[in-house]
Amino acid sequence: MHEFQAPNFHGAGAPDWRNGVIQDFARSELFERTFQEGMDLVEQTATYLDGEGRQESKLLSRNAALAYAAESMRLTTRLMQVASWLLVQRAVREGDMAPAAACEDRYRLNPDDVARSTETEAARSELPHGLTGLADRAERLYERVRHLDRRMYLESRTAEPANPVLGHLDRLKSAFGG
């Protein structure tokens, strides 16, 4: 496995430059680590919600129990989105899906944010640490995957901002005749 390199958007490239980026990521160590982390988190969450979490939820006040239900639904939604995205990348890696097919909107992360309600946020301190810990880990993973999704599928070749240091060096060279 090799490490995923962020795409270089400067200079001319083949029209299918994005396909190469997608395939490079799918074959990278970053993908392997992210995939393993995502699948492990899905498994840990299922185990928690079916066992210890179920028992802990029975001990909560009515408001906290409602917040628990909302947070666990949000958590499972986030993890389903991440797992689906990761499985598409694995399908690309294994040759079961063409990189161009992975670009379809139906395989992108849902752009709609699954935000916590104000009631859930207010009752968060009453929620079991097992649930909030899993939710926080899932949120961090989701944000990383969302960043990767944007970089690989949504940003155009020209969207990459110019390197400000190189811009300053070019101006210095021009000013001093270099």
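Select arginine 144 to begin. In this predicted model, arginine 144 has a relative accessibility of 38%, so it counts as partly exposed. Now add glutamate 37 to the selection. Glutamate 37 is also partly exposed, because its relative accessibility is 31%. Show the side chains of the two residues: they form a salt bridge, and the closest N and O atoms are 2.3 Å apart. Which helices does this pair link? Glutamate 37 sits in helix 2 (residues 29–50) and arginine 144 in helix 7, so colour these two helices and note that the residues are 107 apart along the chain.

**The whole chain**

Zoom out and show the chain as a cartoon. There are eight helices and zero strands. Going from the N terminus, the order of elements is α-α-α-α-α-α-α-α. Of the 178 residues in the protein chain, 35% are buried. Take the contacts between residues at least 6 apart in sequence: 81% of them join residues at least 24 apart.

**Helix 4 against helix 7**

Select residues 62–93, which are helix 4, and residues 129–154, which are helix 7. Two packed helices are described by the angle between their axes and the distance between those axes. For helix 4 and helix 7, the angle is about 35° and the axes are 9 Å apart. Is this crossing left-handed or right-handed? The crossing of helix 4 and helix 7 is left-handed.

Next, show side chains where the two helices meet. On the helix 4 side, the residues in contact include Tyr68, Leu75, Leu79, Val82 and Trp85. On the helix 7 side, they include Leu134, Ala138, Leu141, Val145 and Tyr153. The residues of this contact divide into 15 nonpolar, three polar and five charged.

Stay with helix 4 and helix 7, and select arginine 74 and glutamate 139. A salt bridge joins arginine 74 to glutamate 139, with the closest N and O atoms 3.1 Å apart. Arginine 74 is in helix 4 and glutamate 139 is in helix 7, so the salt bridge ties together parts that lie 65 residues apart in sequence. Are these two residues buried or exposed? Both arginine 74 and glutamate 139 are buried.

**Helix 1 across helix 4**

Keep helix 4 on screen and add residues 17–26, which are helix 1. Helix 1 and helix 4 pack at an angle of about 100°, with axes 8 Å apart. This angle makes helix 1 roughly perpendicular to helix 4. Select Ile22, Gln23, Phe25 and Ala26 in helix 1, then Trp85, Gln89, Val92 and Arg93 in helix 4: these are the residues that meet. Five residues of the contact are nonpolar, two are polar and one is charged.

Now colour the buried residues of helix 1, which are Trp17, Arg18, Val21, Ile22, Phe25 and Ala26. What covers them? The cover includes helix 2, helix 4, helix 5 (99–102) and helix 7.

**More salt bridges**

The count of salt bridges comes to 11. Select Glu32, Arg93 and Glu94 to see a network of salt bridges that links them. Arg93 also belongs to the contact between helix 1 and helix 4.

For the last stop, select arginine 106 and glutamate 104. Their side chains meet in a salt bridge, at 2.8 Å from N to O. Arginine 106 is exposed, because its relative accessible area is 64%. Glutamate 104 has a relative accessible area of 33%, so it is partly exposed.

Definitions and conventions:
Residues numbered from 1 in each chain as written. Predicted model: local features only at pLDDT ≥ 70, side-chain atom pairs only at ≥ 80, totals over all residues. Heavy atoms only, no water. Axes fitted to C-alpha atoms, helices over the stretch in contact; angles between N-to-C directions. Helix = DSSP H or I, 4+ residues; strand = E, 2+ residues; numbered from the N terminus. Left-handed = near helix turned anticlockwise from the far one by under 90°. Contact = heavy atoms within 4.5 Å. Nonpolar A, V, L, I, M, F, W, Y, C, P; charged D, E, K, R; others polar. Salt bridge = Lys/Arg side-chain N within 4 Å of Asp/Glu carboxyl O. Buried < 20%, exposed > 50% of the residue type's maximum accessible area, 1.4 Å probe, protein only. Parallel < 35°, antiparallel > 145°, perpendicular 65-115°, else oblique.
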